[in-house]
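Student: Could you take me through one part of this model slowly? I'd like a close look at a single helix, the neighbours it packs against, and the pocket it helps to line.

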Amino acid sequence: MKKHLGMILRLTIAVAGIAYLTLNLNWSDRVVLPDGSSFAVAEVSVETLTLEDVPANHAELATSMPREPLETGAKDQPRFKPSVATTVREADGRLLGLGLLLLAPIYLIGAVRWHMLMHVRGMEVSRLKTFRLTMVGVFFNLCMPGATGGDVMKAYYAAKGASQRSVAVMSVVVDRACGLLGLVLLVAMLGLTMLDDPLIRKITLLMWAGLFGVVGFAWLYSRPLLRKKVGFDWLMDRLPGGGMLRSLDNAAVAYGKHKTALVCAVLMSVPVHGLVALSIATAGYALGITQPLGYLMGTVPVAVLVGSLPISGPLGL
């Protein structure tokens with residue numbers, strides 16, 4: 001009975017996630033007015049929207065409203081917003097297919113990275129199970145607000161039945177941290193090749209500062225003498241749930257003994273995020289954008305980084 005209830009719960013969560021994603025997509029061609037309101041239209045030419053397509057209460061707008069992308073359209077003019085079906089129909093199918101193929105290796109690399117981080121801490125989890133849990137995390141990252149819900153589910157299933165639950169949970173946290181550091185490193189390195197652009201230059205400086213800041217904090221965090229002097233250990237023992245926090249803290253500090261694995265995990269993350277950025281750029285070209293590839297490779301990872309933060313909410317979606 002318990003097994004069946006668990007299956008029903010998982011299916012319910014999966015359906016809810018798919019429903020959430022579905023409801024956040026635009027399924028009808030719409031016209032967005034300057035005041036932010038919009039209305040659905042049907043059988044619209046991809047080139048123009050005529051007066052006949054405009055509801056009576058908006059007929060005073062114009063006799064013809066050209067379709068203009070958000071980036072170039074005038075703010076005081078109506079804008080055509082295509083549906084998912086219209087967008088896919090007008091896109092370059094070959095470039096869309098290439099974008100999907102570029103995504104394929106990232107899940108394998110991610111599973112190998114996580115498996116390595118568990119293995120160095122003595123967790124004997126099969127590669128197949130690691131890949132399965134990785135794909136569970138991917139599903140929740142895509143179908144829930146933000147891009148961290150998958151980590152919660154990965155931590156839950158990794159800890160379930162494990163003899164070292166704190167180690168299992170911390171392996172997910174460290175895996176996410178290494179992934180974010182790899183993303184920051186990618187942006188920082190790409191930015192060095194485009195310092196003539198003011199925006200890229202600013203982003204690059206922030207990324208390098210953040211990278212050194214995080215590495216410095218991690219080094220200080222693992223110093224027992226410093227932790228004792230600042231009273232961190234004293235505080236840890238007096239916080240509610242101190243036993244569990246102490247267990248997680250010990251698991252985190254223990255990764256300091258596996259610096260080679262941590263460096264490898266960060267380096268493995270760089271091509272992963274590079275493929276993600278290239279895939280998004282390829283999809284953008286399939287939809288008709290014209291920005292240079294170098295510019296997109298320097299800015300798209302920043303948007304991915306924002307979406308990866310727990311505070312970003314629906315920005316991840």
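Tutor: Sure, and keep in mind that this is a predicted model. Let's start with a helix pair: helix H3 (residues 93-119) packs with H11 at an angle of about 165°, and their axes are 8 Å apart. Angles over 145 degrees count as roughly antiparallel, so H3 is roughly antiparallel to H11. As for handedness, H3 and H11 make a left-handed crossing. The contact of H3 with H11 involves 24 nonpolar residues, along with 4 polar and 1 charged.

Now for H11 itself. With 28 residues at 1.5 Å a residue, H11 should span 40 Å, and its end C-alpha atoms are 41 Å apart, which agrees. After H11 comes glycine 288, and the phi of this glycine is positive, near 105°.

H11 has another partner in H6. The axes of H6 and H11 come within 7 Å and cross at roughly 60°. That value is neither under 35 degrees nor in the 65 to 115 range, so H6 and H11 are oblique to each other. Here the crossing is right-handed, while the one between H3 and H11 is left-handed.

H6 also meets H7. The axes of H6 and H7 come within 8 Å, with a crossing of roughly 140°. Since the cut-off for roughly antiparallel is over 145 degrees, H6 and H7 are oblique to each other too. The H6 and H7 crossing is left-handed.

That brings us to the pocket. The second largest pocket holds about 1,100 Å³ of space. Its lining counts 30 residues, and those nearest the centre are Leu181, Val214, Val215, Ala218 and Leu262. Which elements give two or more residues to this lining? They are helix H6 (165-191), helix H7 (198-221), helix H10 (242-254) and helix H11 (259-286). So the helices we've just been looking at come back here: H6 and H11, whose axes cross at roughly 60°, both contribute to the lining. The largest share, though, comes from H7, with 10 residues.

What is the lining of the second largest pocket like chemically, in nonpolar, polar and charged residues? It divides into 25 nonpolar, 3 polar and 2 charged. If you're setting the two side by side, the contact of H3 with H11 has 24 nonpolar, 4 polar and 1 charged.

Terms used: Residues numbered from 1 in each chain as written. Predicted model: local features only at pLDDT ≥ 70, side-chain atom pairs only at ≥ 80, totals over all residues. Heavy atoms only, no water. 1 Å grid on protein atoms, 1.4 Å probe; cavity = no way out; pocket = protein on both sides within 12 Å on 5 of 7 lines; lining within 4 Å. Points joined across faces, edges and corners; volume = space filled by probe spheres on them. Helix = DSSP H or I, 4+ residues; strand = E, 2+ residues; numbered from the N terminus. Nonpolar A, V, L, I, M, F, W, Y, C, P; charged D, E, K, R; others polar. Axes fitted to C-alpha atoms, helices over the stretch in contact; angles between N-to-C directions. Left-handed = near helix turned anticlockwise from the far one by under 90°. Expected span 1.5 Å × (residues − 1).
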